[in-house]
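Hello,

I am passing this structure on to you, and below it I have written out what was found in it. Please keep the sequence and the 3D view open while you read.

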Amino acid sequence: MANYLLLIYGDEQKWAGMSPDEWAAHDQKHREFQAAAGARSLGGKQLADAATATTLRSDDSGAMTTTDGPFLETKEVLGGYYLIEAADLDEATALAALLPEVYAGHSGVEIRPVV
């Protein structure tokens, strides 16, 4: 078995504009994903808005700087993640396909093997 990180990206404005009913349906899909993954789900969380992020970088001299917000300006931001265990990429993909962000036009799920 290998570990895979499912990175959930999307448009924060679209998520913020969801109605309570839309959020309930969205959350239900996540519960269905977690039920299907069972013990293969090793953890996962929704992240706070990108505006709350702090990015650390160093320059060529090694001096560290901090920046409020994400380092890159982008329409899609990292909104959450799951760490799963799967036999292979095909199984990880099948599980990730249960997430509602795969089907919302403004979001997607990136699957990355954990080294």
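A good place to begin is Ser-58, which touches Ala-63 and Met-64 once residues up to four places away in sequence are left out of the count. Before going further, please bear in mind that this is a predicted model, and that the values below were computed from it. Ser-58 has its place in strand S3, which covers residues 54-58. Is Ser-58 buried or exposed? Its relative accessible area is 53%, and because anything over 50% counts as exposed, Ser-58 is placed in the exposed class.

From there you can move to strand S4, which runs over residues 64-68 and contains Thr-66, and in which Thr-65 is found as well. Thr-66 is exposed, with a relative accessible area of 53%, whereas Thr-65 has a value of 43% and is described as partly exposed. Which residues does Thr-66 touch, if residues up to four places away in sequence are not counted? They are Thr-54, Thr-55 and Leu-56, and for one of these, Thr-55, there is also a distance to look at: the C-alpha atoms of Thr-66 and Thr-55 are separated by 5.6 Å, although the two residues are 11 residues apart along the chain. Thr-65, counted in the same way, touches Thr-55, Leu-56 and Arg-57. You may like to set beside this the pair Thr-65 and Ile-84, which are 19 residues apart in sequence and lie 33 Å apart in space, taken from C-alpha to C-alpha.

The next topic is the pairing of strands. Strand S1, made of residues 2-11, pairs with S5 in the antiparallel sense, and this pairing extends over 10 bridges; one that you can find in the view links Ala-2 to its bridge partner in S5, Ala-86. S1 also pairs in the antiparallel sense with strand S6, residues 108-113, over 6 bridges, and here Tyr-9 has Gly-108 as its bridge partner in S6.

How many aromatic pairs are there? The count comes to 1 aromatic pair, formed by Phe-33 and Tyr-82, whose rings are tilted, with 4.5 Å from centre to centre and 45° between the planes. Phe-33 lies in helix H2 and Tyr-82 in strand S5, so the pair ties together parts of the chain that are 49 residues apart in sequence. Both Phe-33 and Tyr-82 are buried.

Last comes the largest pocket, which holds about 400 Å³ of space. Its lining consists of 22 residues, and those that lie nearest the centre are Trp-23, His-26, Gln-46, Leu-47 and Gly-79. The elements that give two or more residues to this lining are helix H1 (12-16), helix H2 (20-37), strand S2 (41-46) and strand S5 (76-86), and the largest share, 6 residues, comes from H2. When the lining residues are sorted by kind, 9 are nonpolar, 7 are polar and 6 are charged.

As you go through the view, you will meet H2 in two of these topics, since helix H2 holds Phe-33 of the aromatic pair and also gives residues to the lining of the largest pocket.

Best wishes

Note on methods. Residues are numbered from 1 along each chain as its sequence is written. This is a predicted model: local features need pLDDT of at least 70, side-chain atom pairs count only at pLDDT 80 or more; totals for chains, interfaces and linings use all residues. Side-chain values use heavy atoms; hydrogens and water are left out. On a 1 Å grid over the protein atoms alone, a cavity is a set of points where a 1.4 Å probe fits but cannot get out, and a pocket is an open set with protein on both sides within 12 Å along at least five of seven lines; lining residues have an atom within 4 Å of a point. Grid points are joined across faces, edges and corners, and a volume is the space filled by probe spheres set on the points. Helices (H or I, at least four residues) and strands (E, at least two) are DSSP runs, numbered from the N terminus. Ala, Val, Leu, Ile, Met, Phe, Trp, Tyr, Cys and Pro count as nonpolar, Asp, Glu, Lys and Arg as charged, and the others, Gly among them, as polar. Buried means under 20% relative accessible area, exposed over 50%, partly exposed in between (1.4 Å probe, protein chains only). Contact means heavy atoms within 4.5 Å. Rings of Phe, Tyr and Trp (its six-membered ring) pair if their centres lie within 6.5 Å; planes under 30 degrees apart count as stacked, over 60 as edge-to-face and the rest as tilted. Two strands pair if DSSP finds at least two bridges between them.
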